[in-house]
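I am opening this notebook to record what I look up, one place at a time, for someone who has not met this structure before.

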Amino acid sequence: MSESAGVQQGSPAIGAAGSAPAAPGAGGTEGSGATVGSARIAVKKALLRSSPRPKKLEKLGVYSSCKAEGACKCNGWKSQNPPPTPPRTDQQPNTVNLLETCRSCSHTLGDHVTHLENVSEEEMNRLLGIVLDVEYLYTCVHKEEDADTKQVYFSLFKLLRKCILQMGKPVVEAQESPPFEKPSIEQGVNNFVQYKFSHLPSKERQTIVELAKMFLNQINYWQLETPSQRRQRVPADDAAGWLCYCNVPQFCDSLPRYETTQIFGRTLLGSVFTVMRKQLLEQARQEKDKLPPEKRTLILTHFPKFLSMLEEEVYSHSSPIWSEDFLVGSSGGQIAIHTVISAPPVARPLYYSTSPVAVDPSSCGSVSPARKTASALEPSPGGQKRKPSEPLPHEETKKLRIVGDIPMELINEVMATITDPASMLGPETSLLSAHSARDEAARLEERRGVIEFHVIGNSLNQKPNKRILMWLVGLQNVFSHQLPRMPKEYITRLVFDPKHKTLSLIKDGRVIGGICFRMFPSQGFTEIVFCAVTSNEQVKGYGTHLMNHLKEYHIKHDILNFLTYADEYAIGYFKKQGFSKDIKVPKAKYLGYIKDYEGATLMGCELNPNIPYTEFSVIIKKQKEIIQKLIERKQAQIRKVYPGLSCFKEGVRQIPIESIPGIRETGWKPVGKGKELKDPDQLYSTLKTILQHVKSHQNAWPFMEPVKKTEAPGYYQVIRFPMDLKTMSERLKSRYYTTRKLFMADMQRIFTNCREYNPPESQYYKCANLLEKFFYNKIKEAGLIEK
């Protein structure tokens with residue numbers, strides 16, 4: 001207790017240092033009480049450091065032990081005449097006298113500061129800074145009400161007090177030193193930006209980087225709850241480390257300070273993300289009129305979308321961004337996001353999933369599609385497929401070009417010319433054109449935070465959540481009003497059945513629509529039971545956007561088939577969403593599982609795991625823009641005016657076509673490389689004969705039918721455009737091949753795909769080479785290409 005007494009006597013003007021830090025549970029950002037206190041302390045330190053040296057010695061003597069002979073145990077000089085509290089302004093400051101005696105030990109002030117005689121001014125100023133930090137922490141200890149926080153303040157107070165006595169540097173002693181978790185929050189957000197947005201052009205990616213910097217900065221200045229409160233909510237969490245290393249050093253700069261985002265990881269982020277996201281978006285809405293115009297779109301439009309996508313990765317148990325070996329060895333490395341992001345080339349489209357399941361946490365355990373590609377390339381039983389651990393030679397990693405493919409370099413160049421830097425993922429104007437996609441308005445509303453999507457359901461194992469129960473009641477009302485033919489008791493039973501879930505559409509905190517479904521993972525399909533949007537919110541694209549979210553949710557959970565019974569009013573809607581009466585699921589799989597409805601039509605939908613459905617219309621629009629730009633480029637190249645031909649005036653009656661100036665620039669090629677059969681029946685007969693010869697060849701056996709996923713895991717993640725002889729036979733039968741070029745392109749695709757997926761020494765690779773040679777011999781024999 002002698003330490004406390006020493007501080008008390010030597011701190012007559014302690015209140016001038018500023019108020020105590022803001023309560024850790026305040027949930028504040030920059031500008032909190034801690035920041036204000038920090039500024040006041042900095043001012044006081046500057047004044048003290050500019051004082052005369054005797055005044056500095058007096059201040060340090062209060063915290064220095066007596067060095068007089070006789071082993072004096074006094075640990076701090078106390079003035080015989082302490083100044084009044086508060087000090088009188090009309091009184092001149094007393095001249096410091098090193099011969100003045102200590103009230104405790106009767107030795108002089110000089111005996112307490114003999115060790116400081118030869119100390120440099122810089123070292124003395126450092127010690128004075130620690131002195132003011134000690135005084136401020138002393139105030140904090142007495143003002144703090146939370147017992148755990150008070151204990152942390154007191155421990156740091158004793159540490160700094162000891163540093164003054166021993167003239168050492170403060171080092172926080174703890175069982176575990178920073179960083180406390182790897183990867184850090186900063187690294188995880190860096191990985192998230194690379195994982196989700198590396199495919200974007202540099203200008204759009206820079207927008208994402210700005211959002212990430214903004215988010216990390218908010219976390220670094222975020223005030224956590226008190227350690228006692230956090231321990232009740234997160235038993236394994238220890239907020240004391242955050243106080244010691246991140247919070248207190250903000251206003252006590254004598255202590256080493258770490259950024260929260262650099263020493264804490266996913267655990268802390270997950271505990272604060274939901275509350276932080278809500279407060280940040282609410283604050284942005286309230287202060288939208290104060291935002292500068294150049295930041296308004298970034299914060300009000302892009303930031304909510306960014307947070308929603310990040311939330312999915314924070315709470316997903318299988319998210320790859322929290323892996324310590326995320327993209328190890330990729331070009332660009334792992335550079336901290338607060339400086340610059342170097343995004344490695346991840347060949348993956350933007351993929352966005354719905355919010356995490358509110359009731360069933362176990363549903364978050366699926367592997368994201370981007371990670372399946374790397375882990376699923378396992379060898380087939382025959383050992384011929386490429387193993388994932390085998391590094392690909394540089395030549396093999398290059399995509400083999402198919403005739404007619406557009407080089408990626410050209411596409412990237414064109415995309416750079418049509419990209420709007422202010423746009424992250426698509427058009428941001430609220431004035432939608434008549435040709436906009438059906439879900440365009442809904443997608444923009446979701447990006448602005450107007451609407452939200454949540455997969456919810458009832459549970460018998462968890463304590464009921466009031467908000468979830470209110471949403472379920474709201475869904476029951478929507479389905480009852482929009483589906484009058486369904487008994488209300490039946491709707492209520494299924495909506496509240498724990499085996500059923502509902503993708504709910506929330507607007508202004510209330511339910512306006514949803515899709516109720518039941519998943520049958522063992523059977524490989526999901527049954528859609530109810531689908532409705534309240535009548536006054538229809539014709540806004542909500543239904544399409546709902547279904548797209550549901551598709552992405554199921555792709556994430558590796559269920560790729562929907563089944564539903566649609567009445568005559570719903571058939572049109574389901575057709576627009578890709579449903580068909582042609583059911584892909586074998587009847588034995590769903591018979592006895594799906595509920596049968598009299599007078600309704602069974603419809604099914606097969607999902608493509610490579611399609612990001614919620615952004616699909618944006619991708620299509622972008623593709624159309626690219627094609628239009630390519631056409632414009634081509635037109636610009638050929639819109640060259642050549643002088644007219646004068647040779648005919650000189651009596652020339654005929655010239656070769658290729659001699660006409662500019663003819664080759666149009667894409668024209670000389671005829672003679674093969675004849676195009678004009679008669680459709682003759683073309684059909686010729687192609688049918690060739691295809692029969694190819695199918696009868698001894699090396700055609702690997703290509704007779706589509707590749708099965710069970711035999712070649714990961715095949716459809718590697719091969720974007722699969723083709724086989726059975727599919728070609730079906731296309732030929734349906735008269736798809738109107739030209740020989742279409743037929744030859746599909747056949748060539750079979751051989752190219754095989755060589756791309758399989759190593760050169762494999763049997764499949766050799767079969768492709770031999771069959772390709774045989775095919776072109778038959779084409780030449782038929783006269784479709786010149787010999």
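I began with R735, which I found in the loop between α26 and α27, and I note at the outset that I am reading a predicted model. I looked up its backbone angle and found that phi of R735 is near 65°, a positive value in a residue other than glycine. I then asked whether R735 is buried, exposed or partly exposed. R735 is partly exposed, because its relative accessible area is 42%, and partly exposed covers the range between under 20% for buried and over 50% for exposed.

From R735 I went back to the helix that it follows, α26, which takes in residues 725–733. Which residues of α26 are buried? I listed L725, M728 and L732 as buried in this helix. They lie on the same side of α26, because they cover an arc of only 55° around the axis. I next looked up what this buried set packs against, and the partners are α24 and α27, the latter made of residues 740–757.

At the N-terminal end of α26 I found a cap, provided by D724. A side-chain oxygen of D724 lies 3.0 Å from the backbone nitrogen of K726. My picture of α26 therefore has D724 capping its N-terminal end, buried residues that pack against α24 and α27, and R735 with its positive phi coming after the helix.

I turned next to another residue with a positive phi, D558, where the angle is about 65° although the residue is not a glycine. I placed D558 in the loop between α20 (542–556) and β5 (561–566). D558 counts as exposed because its relative accessibility is 53%, and the cut-off for exposed is over 50%.

A separate entry concerns the peptide bond between K182 and P183, which is cis, with omega at about -5°. Where is P183 found? I located P183 in the loop between α6 (147–166) and α7 (185–197).

My last entry is about the surface, where I noted a nonpolar patch formed by L645, F648, V652, I657 and I660. Together these residues have about 380 Å² of accessible area. I followed up one of them, I657, and found its place in the loop between α23 (616–638) and α24 (680–696). I657 is partly exposed, since its relative accessible area is 44%. I also wrote down that α24, which ends this loop, is one of the helices against which the buried residues of α26 pack.

Notes. Residues are numbered from 1 along each chain as its sequence is written. This is a predicted model: local features need pLDDT of at least 70, side-chain atom pairs count only at pLDDT 80 or more; totals for chains, interfaces and linings use all residues. Side-chain values use heavy atoms; hydrogens and water are left out. Patches are made of residues with over 30% relative accessible area and no salt bridge: like charges are joined within 9 Å, nonpolar side chains (Val, Leu, Ile, Met, Phe, Trp, Tyr) within 5 Å. Accessible areas come from the Shrake-Rupley method with a 1.4 Å probe; for residues, only the protein chains shown count as cover. A salt bridge is a side-chain nitrogen of Lys or Arg within 4 Å of a carboxyl oxygen of Asp or Glu. Helices (H or I, at least four residues) and strands (E, at least two) are DSSP runs, numbered from the N terminus. Buried means under 20% relative accessible area, exposed over 50%, partly exposed in between (1.4 Å probe, protein chains only). The arc is that of the directions from the helix axis to the C-beta atoms. Contact means heavy atoms within 4.5 Å. A polar contact is a pair of N or O atoms within 3.5 Å; within protein, one must be able to donate a hydrogen and the other to accept it, and residues adjacent in sequence count only if both atoms are side-chain atoms.
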